[in-house]
Amino acid sequence: MTELGLASQAQAQGRRMGGRMRFIIGGAIIIVVIAWLILSNIGGSSTYYLTVEELLAEGPSNRLVRGTGFIVGQSIEWDPQQMVLRFEIADESGSLPVLYKGPPPDLLEEGTQAVVEGRYASSGVFEATAVLLKCPSKYAEE
Amino acid sequence: MASLGSWALVLSLVVSLYGAIAAFVGARQRSRRFVESAQNAVWAVAALVTLASILLLYFLITHDFQVKYVYQYTSTHLPLVYRISAFWAGQEGSLLLWLWLLAILTVIVVQHRDRPRQVRPYLLATLALTETFLAFLMVAMDNPFATYSARPLEGVGMLPLLENPGMVIHPPVLFLGYAAYTVPFAFALAALMSGELSTAWVKAMRRWNLFAWLSLGVGILIGAWWSYVELGWGGYWAWDPVENASLIPWLIGTAFVHSAMMEERRGMHRVWNMVLPTLAFVLCLFATLVTRGGIIVSDLHGFASNLQPIAYYLLAFIALVLGGSFSLIYYRRRQLESERQVEHLLSREGFFVLVNLLFCGAGLIVFLGTVYPSLAQALRGLQVSLDASFYNRAIGPLMVVIVCVMGICPVIGWQRLSAKNMTNLSFPLLAALVLTVVAFILGITEPFPLISTAICAFVIFSLLGMVTRDLLARRRSTGENYARALITLLSKARRRYGAYLVHLGIILIAIGITGSTFYKREQLVALSPGESTVLGDYRVQYEDYSAETLNPEPATSQSRIRYATTLSVYRADSKVSTLVPHKSYHWTLDTPWVTEVAIYSSLKEDVYVILASLEEDGLAGFEMIINPLVNWIWIGGGVLLLGTLIAVWPEGRAKAVED
């Protein structure tokens with residue numbers, strides 16, 4: 001009776017150990033997969049911010065970046081029929097022509113700080129897919 | 001009068017601190033007198049904070065511009081409902097709202113006298129200490145009752161973006177979630193401090209936990225809806241740091257909802273159940289750190305851009321909570337051992353561990369994505385931004401697995417997978433396969449939407465199968481008709497059926513997200529009045545345009561010139577809707593242009609029109625978007641709400657009648 005009890009207890013313990021091992025391996029696999037998901041995607045999804053100076057120094061590269069500079073007021077050209085917007089962004093080192101297929105953002109005016117996301121194409125024009133303008137908002141005053 | 005509000009806050013700081021200390025001393029010395037005194041203290045705090053809140057509301061409604069907060073966020077043009085919602089338009093008022101909700105919840109928690117006696121004083125101490133912290137933030141830095149020496153004639157007014165029904169309900173519901181997450185945390189900490197570590201506390205806080213989870217989830221969904229109808233960029237979720245900040249505690253909270261059930265039913269996951277509520281609570285504080293502390297770089301929201309003083313206090317409090325809780329967990333580790341071990345990976349116990357890991361993993365991904373740009377800047381001096389593709393690629397696969405588990409887990413039994421479970425799983429599996437083939441033939445060919453169709457169908461059929469089996473069994477044993485059997489089942493197993501409904505709600509949301517992510521169509525067109533364009537199954541005709549000036553004097557944020565265009569939407573030559581997308585120029589604002597989108601919504605898809613540009617001769621640029629299945633996201637949210645309410649509804653009365 002007691003022998004039988006002991007045997008089944010040992011068996012249960014063995015099973016438990018085996019279960020725990022499998023369990024730890026399973027958990028570890030999931031953690032590794034999650035870590036892999038993070039590490040493999042974080043690089044590919046980052047876009048770097050480059051100033052006009054850095055963009056000009058690097059030259060046309062055709063990679064996705066975010067260019068930053070100030071809007072040059074006189075350079076803004078808006079074609080409402082084709083819905084094409086052209087303007088230049090500049091800093092101390094020079095200026096860069098930007099082409100954006102889409103409506104002019106609401107704050108587009110001389111001197112606004114702009115972030116243009118897109119590619120510096122070999123034609124020498126920065127082809128933007130998004131134009132963000134940094135706006136001072138009410139929250140920022142606090 | 002405003003000084004009365006300030007004094008109420010100072011007093012609530014003193015009284016709540018006293019309450020925390022008295023409760024703690026009462027717990028150590030087992031003195032009822034101290035505990036009762038602490039109990040009176042939290043009642044007093046609730047009364048004081050309620051007084052302060054009513055005062056602030058009174059100032060907002062009566063235009064008392066001498067109060068800085070009223071001056072900054074309202075004007076005489078603002079309708080009553082937005083004057084009330086101005087309560088939470090800024091940091092000071094948001095903190096007061098948070099404290100107010102917490103004070104009320106604390107009183108309700110303390111009211112219940114059925115808790116284990118050793119635990120209650122510690123519970124009281126933790127809640128009172130959190131109240132102290134929030135009151136301290138207001139008294140030390142963000143007093144909503146600060147005044148000017150003279151009384152301005154007109155206020156600045158509210159940001160036009162905040163004038164939306166979403167703004168009226170989104171923040172209070174979200175803050176209710178933040179405040180409510182203090183309660184499960186306080187229960188866990190009280191259990192740890194008292195050493196009364198039986199699983200009783202998990203049962204006692206079950207409703208609180210679900211309530212917090214629900215408030216936060218519904219708050220997030222309302223926020224998504226607000227962003228969709230108001231921000232005018234054609235989407236509902238941008239993976240912006242501010243949105244992420246509220247999602248992270250919800251993901252951890254979701255893990256905890258499941259994990260708590262494991263402890264209640266099986267006596268397992270006991271360390272998880274100390275760690276998860278602590279993390280959920282801390283992450284609610286982290287959300288405030290993100291929106292107000294200035295530590296996160298954000299493109300969309302123009303939040304504070306450099307580190308604010310509030311950030312240091314929040315970080316210190318977070319460090320205190322984490323340090324304290326984790327040392328206590330380590331100290332009590334022997335008492336926290338599980339009563340059972342997981343014996344088979346393919347058992348319900350095994351899947352619950354998987355659920356915990358997946359939700360915590362998803363939370364970690366969102367957390368890292370949110371802080372990555374700031375970390376990269378601080379550590380490597382790089383200016384980097386992380387776009388939405390990171391989250392979609394990293395979280396998408398996890399969500400697929402989570403949805404699959406949702407279909408499998410309720411079907412299989414405790415301890416191990418049985419042959420009968422396999423039969424019960426094969427029907428939904430087969431049905432899902434058939435449906436996926438049909439979807440493929442109908443034109444869904446991309447891999448992710450196909451996978452999504454398959455798993456969503458699998459879960460729905462699996463849920464249907466379970467309900468049908470229960471129904472047939474009941475009918476066989478009692479001879480009731482189908483409707484009656486369904487009603488008895490629903491009322492007898494509320495928790496289970498509530499959970500099924502919540503899962504169904506999540507699936508509906510998943511369907512909406514899949515449709516609107518993968519089958520969104522956009523086009524940019526320039527039209528003159530009278531011209532039309534074809535958009536999907538619709539023809540959109542640009543009829544007319546107008547300009548009018550509103551609220552010109554005195555000039556406030558509500559003063560604007562409104563440029564509107566009228567569009568008719570036709571489907572198969574019959575007119576289905578008139579849309580009026582417009583833009584307003586608010587000349588007193590730094591960001592004067594505000595765009596209001598127009599949406600024609602149906603269960604199949606939304607026609608979403610943004611007025612992008614308008615020339616003097618009426619030539620207008622429109623961004624037109626077809627967003628398929630978006631409505632199912634909001635419907636899913638409703639089902640989720642209903643399901644959770646069914647699961648938490650007190651069973652007392654029904655039981656009493658049965659007895």
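Is B:Asp573 buried or exposed? With a relative accessibility of 71%, B:Asp573 counts as exposed (buried is under 20% relative accessible area, exposed over 50%, partly exposed in between, with a 1.4 Å probe and protein chains only). What you have here is a predicted model, in which local features need pLDDT of at least 70, side-chain atom pairs count only at pLDDT 80 or more, and totals for chains, interfaces and linings use all residues. Residues are numbered from 1 along each chain as its sequence is written, chains are lettered from A and ligands numbered from 1 in the order in which they are written, and side-chain values use heavy atoms, with hydrogens and water left out.

**Backbone oddities**

Back to B:Asp573: its phi is near 65 degrees, a positive value in a residue other than glycine. B:Asp573 sits in the loop between S5 and strand S6 (574-579) of chain B. (Helices, H or I with at least four residues, and strands, E with at least two, are DSSP runs numbered from the N terminus.) Chain A has a case of its own: A:Met83 is not a glycine, yet has a positive phi of about 55 degrees. You'll find A:Met83 in the loop between strand S3 (77-79) and strand S4 (84-91) of chain A. With a relative accessible area of 2%, A:Met83 is buried.

There is also a cis peptide bond, running from B:Glu553 to B:Pro554, with omega near -20 degrees. B:Pro554 belongs to the loop between strand S4 (538-550) and strand S5 (560-571) of chain B.

**Chain A and its partner**

Chain A is built from three helices and seven strands, and along the sequence they come in the pattern α-β-α-β-β-β-β-β-β-α. Of its 142 residues, 38% count as buried. Take the contacts in chain A (heavy atoms within 4.5 Å) between residues at least 6 apart in sequence: 50% of them join residues at least 24 apart.

How many residues of chain A are in contact with chain B? There are 39, and they touch 55 residues of chain B. The area buried between the two chains is about 4,200 Å², with carbon and sulfur atoms giving 62% (buried area is the accessible area, 1.4 Å probe, that two parts lose on being put together, summed over both). Across this interface the rule finds zero salt bridges.

**Salt bridges**

Over all chains the count comes to 14 salt bridges, each a side-chain nitrogen of Lys or Arg within 4 Å of a carboxyl oxygen of Asp or Glu. Here are some of them.

| Acid | Base | N to O distance |
|---|---|---|
| A:Glu117 | A:Arg66 | 2.7 Å |
| B:Glu264 | B:Arg495 | 2.9 Å |
| B:Glu480 | B:Arg474 | 3.0 Å |

The chain A pair, A:Glu117 with A:Arg66, links distant parts of the chain: A:Glu117 is in strand S6 (residues 113-120) and A:Arg66 in strand S2 (residues 64-71), 51 residues apart. A:Glu117 counts as buried at 16% relative accessibility, and A:Arg66 counts as buried at 8%.

The bridge between B:Glu264 and B:Arg495 also links distant parts, with B:Glu264 in helix H11 (residues 241-266) and B:Arg495 in helix H19 (residues 494-518) of chain B, 231 residues apart. B:Glu264 has 16% relative accessibility and counts as buried. As for B:Glu480 and B:Arg474, B:Glu480 counts as buried at 15% relative accessibility, whereas B:Arg474 counts as partly exposed at 21%. Shared partners also join B:Arg521, B:Asp537, B:Lys604 and B:Glu605 into one salt-bridge network.

**Aromatic rings**

Rings of Phe, Tyr and Trp (its six-membered ring) pair if their centres lie within 6.5 Å; planes under 30 degrees apart count as stacked, over 60 as edge-to-face and the rest as tilted. That gives 30 aromatic pairs over all chains. B:Tyr69 and B:Tyr73 have ring centres 4.9 Å apart and planes at 55 degrees, so this pair is tilted. Both lie in helix H3 (residues 68-73) of chain B, four residues apart, about one turn of the helix, and both are buried.

B:Phe133 and B:Phe317 are stacked, at 4.0 Å centre to centre with 5 degrees between the planes. B:Phe133 lies in helix H6 (residues 119-140) and B:Phe317 in helix H13 (residues 309-331) of chain B, so the pair ties together parts 184 residues apart in sequence. Both of these Phe residues, B:Phe133 and B:Phe317, are buried.
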